[in-house]
Amino acid sequence: MKSHLLSAPRIAFQQSQFNSRAPMKKNPPSPPKKSRSARVKANANDDGSRPGTKRPRRERNPPKALTLRQEPGAPDIEDFSFTGEEVSGARASLLEWYDRNRRDLPWRASNGGGNAGNAQEDEDGDGEEEDRRAYGVWVSEVMLQQTRVQTVIDYYNRWMLKWPTLHHLASASLEEVNEMWAGLGYYRRARFLLEGAKMIVTGGEGFPRTVEALRKIPGIGDYTAGAIASIAFNEVVPVVDGNVVRVLARLKAVSANPKDSATVKKFWKLAAQLVDPDRPGDFNQSLMELGATLCTPSNPSCSSCPISIQCQALAISRKDESVTVTDYPSKGIKTKQREEFSAVCVVEILRGDDSFASNSSESGYLLVKRPDEGLLAGLWEFPSVMLKDEADSDTRRKAIDHFLEQSFGLNSTVCIPVTREDVGDFVHIFSHIRLRIFAELLVLRLKEEMSFFRKHSKKTLTWKYVDSEALSSLGLTSGVRKVYAMIQKFKKSSSPKCSHLRRRSRLKQ
């Protein structure tokens with residue numbers, strides 16, 4: 001009878017949690033009831049009225065005392081509105097600054113010096129230029145989510161070279177899109193881009209031109225819809241991202257939690273007041289540009305800011321040395337990342353005569369496709385199993401052996417292990433997970449090579465066998481690439497002794 005691979009962790013309880021009981025307090029005896037005449041007399045003594053007269057009615061909801069006293073004529077605390085003068089001043093200052101200082105980015109190339117009048121130009125044409133511009137804005141905005149601009153530039157250029165229009169993207173496969181996206185992270189964004197492109201092309205009505213229509217596309221939220229509609233189609237709508245929140249919070253000295261839903265709505269209200277009706281796209285980009293380049297989280301360049309004269313956070317910091325501009329917006333409490341553990345086995349199958357893969361060109365690796373839902377959905381990786389805790393090497397190998405046998409039928413009856421080595425471990429960070437990955441190399445030779453591949457090619461588990469050259473060119477996640485780099489480094493350092501390395505680490509049957 002097989003023993004369990006992993007034992008469930010025990011939960012230790014303190015004895016006092018169950019065996020100790022606090023003594024129950026006894027209620028004091030109730031005082032004897034008074035007669036009606038005594039109660040009337042007591043009431044008269046309480047409020048000074050004569051016996052038999054009616055007491056004055058008490059207010060059910062008495063007004064609460066104000067905890068804050070405000071000087072007459074002083075502005076409301078955390079005032080979520082701009083005056084007309086503030087609006088016109090901010091528009092003029094920001095657009096002038098943006099025209100002089102905006103960064104030269106590839107997704108802005110098609111927008112010229114501004115977007116005023118673009119809608120009229122396309123009314124006379126067929127709208128293809130607007131659709132092309134909207135597609136470029138969409139791709140760039142999705143890539144820029146959670147990713148630095150300098151990283152995105154190369155990805156954007158490669159993407160647009162491969163799929164220059166929405167129709168080109170709609171004809172791509174998810175695997176092609178994932179390969180192009182590899183390294184950017186948050187792969188769900190890439191899948192939504194593909195699904196959205198297919199939906200728009202299938203609809204046959206061209207690119208949606210309003211925020212309302214854009215919100216119906218998978219993966220397009222309020223921010224992305226506002227960016228596309230204002231930049232590509234000149235719709236007078238706001239955008240609110242992290243950069244815009246920071247600028248607005250400092251302009252109005254908003255100390256409320258920026259993640260609170262009510263506060264977020266107020267930021268959208270502020271942004272809607274400011275957006276320029278003639279150049280909405282450029283104005284929205286100027287706010288985001290200001291937050292990205294000058295009004296940064298930890299080191300703002302207030303002396304270079306075009307709207308510093310309106311900044312309430314700056315004004316407060318000059319009057320009170322204990323307050324700084326970077327106190328706004330308030331810092332929310334970060335959610336603690338949960339720790340998880342995974343065992344990854346790089347299975348290398350030898351198909352030549354050499355005994356070790358570093359000396360053989362006729363070898364390849366097993367890759368497994370992740371499920372279509374969940375973390376890293378639909379991406380390729382080396383065989384791996386999740387662990388309940390930081391298990392030792394023997395426990396990890398038993399878990400891997402079980403997975404390989406269940407998925408591929410790999411055991412000592414169908415293959416000959418050549419070598420098996422623990423290579424190392426590292427921590428891979430996701431937004432909400434700290435994943436510790438334990439990597440090992442398993443080199444083996446199949447006894448009946450052709451029958452193995454023929455038998456498992458029809459399995460429901462999606463997998464493929466690739467050589468080292470193909471593996472290097474595949475679009476793999478950064479975590480998988482790091483595991484492969486560790487394996488290559490290990491093999492290179494071990495190559496002098498590989499000729500006599502003949503360990504027979506048996507796979508568990």
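**Contacts along the chain.** I began with contacts in the chain between residues at least 6 apart in sequence, and 69% of these join residues at least 24 apart. I note here that the model is predicted. I then asked how many of the residues count as buried, and found 43% of the 509 residues of the chain. For the outside, I looked up the exposed area, which is about 30,300 Å². Carbon and sulfur atoms supply 50% of that area. I also listed the secondary structure: the chain has 19 helices and seven strands.

**Nonpolar cores.** I looked up the largest nonpolar core, which has 112 residues. Which of its residues touch the most other members? They are Tyr135, Trp138, Trp159, Phe207 and Phe382. I checked which element gives the most to this core, and it is helix 11, residues 222-233, with eight residues. Another core, of 22 residues, lies apart from the largest one. I wrote down Leu404, Phe408, Leu442 and Leu444 as being among its residues.

**Phe382.** I followed Phe382 from the largest core and listed its contacts, leaving aside neighbours within four places in sequence. Phe382 is in contact with Val344, Cys345 and Val346, among others. Its list also includes Tyr365, Leu366 and Leu367. Further along the sequence I found Leu471, Val480, Val483 and Tyr484 on the list.

**Helix 12.** I asked how many of the 10 residues of helix 12, residues 242-251, are buried. Eight of them are, so the helix is largely enclosed by the rest of the structure. The buried residues are Val244, Val245, Arg246, Val247, Leu248, Ala249, Arg250 and Leu251. I noted that two arginines, Arg246 and Arg250, are in that list. What covers these buried residues? The cover includes helix 13 (261-274), helix 14 (280-293) and helix 15 (312-319).

I looked at the ends of helix 12 next. At the N-terminal end, Asp241 acts as a cap. A side-chain oxygen of Asp241 lies 3.2 Å from the backbone nitrogen of Asn243. After the helix comes Ala253, with a positive phi.

**Backbone entries.** I checked Ala253 by itself: its phi is near 50 degrees, a positive value in a residue other than glycine. Ala253 is found in the loop between helix 12 and helix 13. Is Ala253 buried or exposed? Its relative accessible area is 10%, and buried means under 20%, so Ala253 is buried.

I found a positive phi at Asn234 too, near 65 degrees. Asn234 lies in the loop between helix 11 and helix 12.

I also looked up a cis peptide bond, which joins Tyr328 and Pro329. Omega there is about -10 degrees. Pro329 lies in the loop between helix 15 and strand 1 (338-350).

**Arg108.** My last entry is on Arg108, in the loop between helix 3 (84-101) and helix 4 (118-123). Arg108 has a relative accessible area of 9% and is buried. I looked for partners of its side chain and found a polar contact of 3.5 Å with the side chain of Tyr98. Another polar contact, of 3.2 Å, joins the side chains of Arg108 and Gln285. Which residues does Arg108 touch, not counting residues up to four places away in sequence? I listed Tyr98, Arg102, Arg103, Gln285 and Glu289.

Key
Residues are numbered from 1 along each chain as its sequence is written. This is a predicted model: local features need pLDDT of at least 70, side-chain atom pairs count only at pLDDT 80 or more; totals for chains, interfaces and linings use all residues. Side-chain values use heavy atoms; hydrogens and water are left out. Helices (H or I, at least four residues) and strands (E, at least two) are DSSP runs, numbered from the N terminus. Buried means under 20% relative accessible area, exposed over 50%, partly exposed in between (1.4 Å probe, protein chains only). A polar contact is a pair of N or O atoms within 3.5 Å; within protein, one must be able to donate a hydrogen and the other to accept it, and residues adjacent in sequence count only if both atoms are side-chain atoms. Contact means heavy atoms within 4.5 Å. Accessible areas come from the Shrake-Rupley method with a 1.4 Å probe; for residues, only the protein chains shown count as cover. A nonpolar core is a set of buried Ala, Val, Leu, Ile, Met, Phe, Trp, Tyr and Cys residues joined through side-chain atoms within 4.5 Å.
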